[in-house]
Each structure stands twice: as C-alpha cells, then as structure tokens.
Amino acid sequence: VPALEQEAENASIGQGVVESNHAGFSGTGFVNYNNVAGSYVEYTINAEAGGEHDLTFRYANGTTVDRPVSVTVDGASAQTVSFPGTGAWTTWQTRTAKVTLKAGPNKIRATATTANGGPNADKLTAVLVGPPDNEAP
Ligand code: GCU
C-alpha cells in the first residue's frame, strides 16, 4: 500500500491562510494557522485499506513555545499532538500520530488548542502500519 498524502494548502482550512514566504515547504506553500484556539486544517486521506496508520505531519514552528493540536478522524478519536519549536520558520520537521482509518475517504482535522494557533503546516502523510482490515470498494 503506497503512502497517501495531502498538502496543507490543498486541504480545507478553518481560520488560516496559505503562504509561501518561508522556504523549505513541499508543494506550493503551507498553511499559517490564525493565532487563535480553534483554527484548523482538515485533510482528506483516501485510504486503500482500513487499519492502523501512522499520520505524519510536516510543520515548522519558529517560536520556542509548543503549538499542540487536537487530531480527529471523522470528528472522533481526538488525540493531542505536540508541535514544539523547530528553531526557525524555515526549519521543517515531522511529528507522527497513530490512528485507525477506514477504507475510503477519512477527514483528518488538526485543530489548534491554544491561543497561539497551530504551527505552520506543510503536509500530512498516512502510511498503513497494521494489518489491513478490509479493502476499498
Ligand atoms: C510569523 C511567521 C508566520 C507564522 C506566525 C505565527 O508571523 O512569519 O509564518 O505563522 O509568525 O506565529 O503563527
């Protein structure tokens, strides 16, 4: 099963803007979350098979303060993912969370939990890491 991914700039954005002023992003830019709790990026990952996946978020945080987000899959199974400082807005790193996806489209929403908003978001990659529990229709 190949890796699945979506660029943040192609995802659904709630309170954020697409920018390209900090080098090192993939695709055509990244999302700058508004600096408020509740701002989000919602990715759609079309899984070939259901099962446990690693979700890898590529991001930059040029501050020294963590910018945690709450990650949900189709509105459920919330877990908090930490996005600590990367040293510069042009230094991009990754953080990974484990989630169960179903075969077909999954809405992965990453919502800022603090008034600082989320980190600058580059892309999300999903890789099946457990046994596939079904096949996409
Ligand atoms: C700076 C930076 C932005 C970043 C913002 C923030 O303005 O240039 O890319 O999103 O800080 O703190 O969120």
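## Exercises on the ligand site and three loop residues

A polar side-chain atom of Asn120 sits 2.7 Å from an oxygen atom of the ligand. Taken alone, the ligand exposes 310 Å², of which the protein buries 70%. Keep in mind as you work that this is a predicted model.

**Exercise 1.** Find which residues lie around the ligand, and sort them by class.

*Solution.* Start by listing the shell: Glu19, His22, Asn32, Asn35, Arg67, Trp89 and Asn120 surround the ligand. Next, sort them: one residue is nonpolar, four are polar and two are charged. With Glu and Arg counted as charged and Trp as nonpolar, the shell members Glu19, Arg67 and Trp89 are easy to place.

**Exercise 2.** Work out how far the side chains of His22 and Asn32 are from an oxygen atom of the ligand, and decide what kind of contact each makes.

*Solution.* Take His22 to begin with: an N or O atom of its side chain is 2.8 Å from a ligand oxygen. For Asn32, the corresponding distance to an oxygen atom of the ligand is 2.9 Å. Now apply the cut-off: a polar contact is a pair of N or O atoms within 3.5 Å, so His22 and Asn32 each make one with the ligand.

**Exercise 3.** Locate Phe83 and decide whether it is buried or exposed.

*Solution.* Begin with the chain: Phe83 belongs to the loop that links β8 (76–81) and β9 (93–101). Then check the accessibility: Phe83 counts as buried because its relative accessibility is 2%, and the limit for buried is under 20%. Now look at the surroundings. Setting aside neighbours within four places in sequence, Phe83 is in contact with Phe57, Tyr59, Asn61, Val65, Asp66, Arg67, Pro68, Val69, Arg95 and Pro119. One of these, Arg67, is also among the residues around the ligand. For Asp66, the C-alpha atom is 5.4 Å from that of Phe83, although 17 residues separate the two in sequence.

**Exercise 4.** Examine the backbone of Gln15 and Asp74, and say what sign phi has at each.

*Solution.* First, recall the background: most residues other than glycine have a negative phi. Then read the angles: phi is positive at Gln15, about 65 degrees, and positive at Asp74, about 50 degrees. Neither residue is a glycine. Next, place them. Gln15 lies in the loop between β2 (12–14) and β3 (16–19), while Asp74 lies in the loop between β7 (69–73) and β8. Finally, consider accessibility: Gln15 is partly exposed, with a relative accessible area of 44%, and Asp74 is partly exposed at 40%.

Technical notes. Residues numbered from 1 in each chain as written. Predicted model: local features only at pLDDT ≥ 70, side-chain atom pairs only at ≥ 80, totals over all residues. Heavy atoms only, no water. Helix = DSSP H or I, 4+ residues; strand = E, 2+ residues; numbered from the N terminus. Buried < 20%, exposed > 50% of the residue type's maximum accessible area, 1.4 Å probe, protein only. Contact = heavy atoms within 4.5 Å. Near = heavy atom within 4 Å. Polar contact = N/O pair within 3.5 Å; in protein donor to acceptor, adjacent residues only side chain to side chain. Areas by Shrake-Rupley, 256 points an atom, 1.4 Å probe, with all protein chains shown as cover.
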